[in-house]
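The following exercises concern backbone geometry, residue burial and domain organisation. Please inspect the structure before reading each solution.

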Amino acid sequence: MLQLDSIHSYPSRIEEFPESGRGLVAAAPLPAGTAVARFEGEQRGWRDVPADAVRHAILVDGDTWVVPHSPARWINHSCAPNCTVDDGLTVWTTRPVAAGEQLTISYDRVALADWQDAPEAHFWDERWSFDCRCGAAGCVGRVDRYRVEGYEGDAEVRPGAKVRLGISAGRGRGVFATQPIAAGELIERSPVLVSPASEWPALEKTVLYNYVFEWGETEEDSGIALGYAGLFNHSFTPNARYRRRTADLLIDVTAVRAIAAGEEITMNYNGDPDDRTPVWFELK
Ligand SMILES: [Zn+2]
């Protein structure tokens with residue numbers, strides 16, 4: 001194998017593979033969360049991307065594409081990738097990678113929030129299509145369109161129910177465990193509707209005022225949970241916590257300690273289980 005490039009400062013290098021052409025490989029054993037490359041290059045509108053760069057251009061937003069000249073250009077696709085690309089176009093490992101192992105990203109997976117924000121930006125150019133030979137158990141075979149994570153052959157959106165609704169003394173409805181739940185276990189996963197900040201003056205006059213989650217990067221939007229996530233009662237000594245998955249338009253509720261069958265499940269509405277900031281209603 002011919003080493004073509006080592007001029008950049010990331011722990012990766014380009015190698016030539018006999019069957020698949022160039023690819024990027026780990027230059028050392030890497031833990032998860034290591035920056036391994038970055039897409040760098042000119043920004044262009046789609047119509048101005050040169051034909052020989054069509055397969056390498058990466059969408060930034062709207063109609064802004066980066067035509068990369070950095071080694072990231074050679075990162076290959078896998079249906080079970082070991083890397084992901086962030087909004088700043090840096091490539092990160094998502095699991096430990098061995099020295100010499102090829103670094104891969106997914107070309108066809110898109111987060112629900114990104115896809116829903118700009119479906120028109122997620123058109124598929126037929127020149128991008130290819131038969132995948134990644135060998136992963138869940139290989140899609142032909143990569144020929146965007147696939148929305150969590151909805152097309154990925155993890156279930158709703159896990160098996162471990163909870164039921166019940167009456168919480170003096171507080172209306174509450175959510176109760178129907179089985180023992182271990183610390184760290186996923187209890188509930190709720191789909192979320194996003195109400196943009198511009199709707200807040202109307203929304204705050206409605207019953208939803210007490211049920212929505214602060215949402216989005218600036219937390220100025222509102223997330224309306226359609227599952228049980230909005231129905232857990234508050235506690236400053238909670239046995240569960242919620243996590244906003246803004247890219248997936250989901251809220252996950254997980255146990256912060258072991259929970260017995262029949263026990264009411266509570267969470268701190270401030271997010272962090274230890275956050276003692278007063279809440280906006282009278283505690284009962
Ligand atoms: Zn594949």
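**Exercise 1.** Is Leu 249 buried or exposed?

*Solution.* Leu 249 is classed as buried, because it has 21 C-beta neighbours inside 10 Å; the class requires 20 or more other C-beta atoms within 10 Å of the residue's own, whereas 12 or fewer means exposed and the range in between partly exposed, with C-beta atoms placed from the backbone. The model is a predicted one, in which local features need pLDDT of at least 70 and side-chain atom pairs count only at pLDDT 80 or more, while totals for chains, interfaces and linings use all residues. Residues are numbered from 1 along each chain as its sequence is written. Next, locate the residue: Leu 249 sits in the loop between β22 (240-245) and β23 (250-255), strands being DSSP runs of E of at least two residues, numbered from the N terminus. Finally, the phi of Leu 249 is positive, about 55°, although the residue is not a glycine. Most residues other than glycine have a negative phi.

**Exercise 2.** Where does Glu 219 lie, and what is its phi?

*Solution.* Glu 219 belongs to the loop between β19 (213-215) and β20 (221-225). Its phi is positive, about 60°, though Glu 219 is not a glycine. With 13 other C-beta atoms within 10 Å, Glu 219 is partly exposed.

**Exercise 3.** How many residues does each domain bring to the contact?

*Solution.* Begin with the bounds, which come from an automatic or database domain assignment: domain 1 (3-152) and domain 2 (157-267). Their C-alpha centres lie 34 Å apart. Six residues from domain 1 and five residues from domain 2 form the contact, which is counted where C-beta atoms, placed from the backbone, lie within 7 Å.

Definitions and conventions:
Two residues are in contact if their C-beta atoms, placed from the backbone, lie within 7 Å. Helices (H or I, at least four residues) and strands (E, at least two) are DSSP runs, numbered from the N terminus.
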